[in-house]
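Welcome, and please open your viewer. We will go from stop to stop, selecting a few residues each time and looking at what is there.

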Amino acid sequence: MPQHRATAPVSGGPVLSEEVREALAARRPVVALESTIIAHGLPRPRNLEVGLELEELVRSEGAVPATVAVLDGVPRAGLDKAALERIAAGEGVRKLGHRDLAPALAAGATGATTVSATAFLAARAGLRVFATGGLGGVHREWTLSQDESADLSLLARTRITVVCAGVKSILDVPATLQRLETLGVGVVGYRTKRFPGFYLADSGEPVDWTVEEPEEVAAVMAAQDAVGGPESALLVANPVAEAEQLDPALHDRVLAEALAECRERGITGQAVTPFLLGFLVRATGGASLEANLAAVRGNVRLGARIARAWAARA
Ligand code: PSU
Ligand code: MN
């Protein structure tokens with residue numbers, strides 16, 4: 001594998017590793033990966049293994065991985081192993097949404113990028129496909145907290161395809177789908193008519209559009225560009241296999257406990273999502289982690305296939 005030597009940023013975008021830069025220049029398939037899931041979404045030390053595994057998974061599907069993060073105030077797409085290790089170590093690694101990028105850059109900070117920051121930086125670099133686990137969205141009790149992830153509004157104004165297992169089930173899924181509609185973010189189910197529920201194959205909500213193959217996703221992407229209008233994203237909702245999902249009864253019981261504990265402890269803001277995910281891992285004896293990983297792996301594999309189909313059209 002070539003060493004990921006950094007090259008100069010392209011018109012203010014993130015600094016690209018040599019591997020990513022060469023792939024983009026040659027119009028070979030590239031898949032953006034986020035780093036918040038590594039730094040704040042998964043327990044250590046498993047998270048580093050997962051970060052490396054996801055990159056290998058992209059390569060095994062014939063695409064180049066571009067993990068996005070900010071290191072010492074420099075936004076990067078394509079991390080070397082040392083950078084990934086720093087993100088996974090978590091010490092002093094901030095959680096960076098899109099709005100946090102400028103302060104982080106100015107302060108020379110190191111941080112993991114959420115979906116909103118990753119999608120923004122990836123699009124800036126000219127990447128079109130991004131794979132993650134579950135998106136952020138509208139939190140339950142939104143009427144009290146007004147907590148809605150910045151992922152949604154950023155995706156309303158960023159031309160990128162995000163492969164996800166729906167939105168995290170800790171959220172208010174119907175409200176999040178409604179917001180995506182209002183914001184004009186396209187959603188297609190991959191081989192499903194049901195919107196996936198992150199740890200679960202089915203959130204209980206329908207999707208309006210279904211595609212069966214990566215080439216069909218690429219066709220939707222091309223049509224998005226052809227039809228014009230606001231530069232919004234496309235969500236490809238890819239369910240975890242039913243055999244690998246979390247037991248739905250266990251999910252519902254433990255989630256209720258997690259939400260109650262979060263409320264009791266007065267946890268708010270950026271800390272909510274990592275707290276709930278961590279609680280679920282502990283309370284399910286690791287079963288939620290396995291379902292989470294299965295979902296992410298499936299998304300990364302599909303992301304690579306979509307990136308290949310997209311590159312084949314160019
Ligand atoms: N999906 C996962 N694990 C995660 C996240 C998503 O499987 O940790 C992260 C993503 O980075 C997403 C963020 O953008 O959680 C949402 O955080 P918030 O609700 O604070 O916006
Ligand atoms: Mn939030």
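**First stop: a helix and a record**

Select Val115, which is found in helix H6 (residues 115–124). Helices here are DSSP runs of H or I with at least four residues, strands are runs of E with at least two, and both are numbered from the N terminus. Before going on, note that this is a predicted model, in which local features need pLDDT of at least 70, side-chain atom pairs count only at pLDDT 80 or more, and totals for chains, interfaces and linings use all residues. Residues are numbered from 1 along each chain as its sequence is written, while chains are lettered from A and ligands numbered from 1 in the order in which they are written.

Now add Lys95, Ser149, Ala150 and Asp151 to Val115: UniProt lists these residues under "binding site" in an unreviewed entry. They are spread over 57 residues of sequence yet cluster in space, with a largest C-alpha distance of 13.1 Å. UniProt positions are given in the numbering used here, feature names are shortened, and annotations may be inferred rather than shown by experiment.

**Second stop: ligand 1**

Next, select ligand 1 and its surroundings. How many residues surround ligand 1? There are 18, and the closest are Gly41, Thr114, Gly133, Gly136 and Ser149. A residue counts as near if its C-beta atom, placed from the backbone, lies within 6 Å. Helices H2 (36–41), H8 (150–155) and H12 (272–283) are the elements that give two or more residues to this shell, and H2 gives the most, with 4 residues.

Try coloring by class: the shell has 4 nonpolar, 12 polar and 2 charged residues. Here Ala, Val, Leu, Ile, Met, Phe, Trp, Tyr, Cys and Pro count as nonpolar, Asp, Glu, Lys and Arg as charged, and the others, Gly among them, as polar.

**Third stop: two helices together**

Keep H12 and add the residues that meet across its contact with H11: Val254, Leu255, Glu257, Ala258, Glu261 and Cys262 in H11, and Val272, Phe275, Leu276, Phe279, Leu280 and Ala283 in H12. Contact means C-beta atoms, placed from the backbone, within 7 Å. By class, this contact has 10 nonpolar, no polar and 2 charged residues.

**Last stop: two loops**

Select Arg44 and Pro45, which are joined by a cis peptide bond with omega of about 0 degrees. Pro45 lies in the loop between H2 and helix H3 (46–60). Finish at Gln146, in the loop between helix H7 (142–145) and H8. Phi of Gln146 is near 55 degrees, a positive value in a residue other than glycine.

Key: Contact = placed C-beta atoms within 7 Å.
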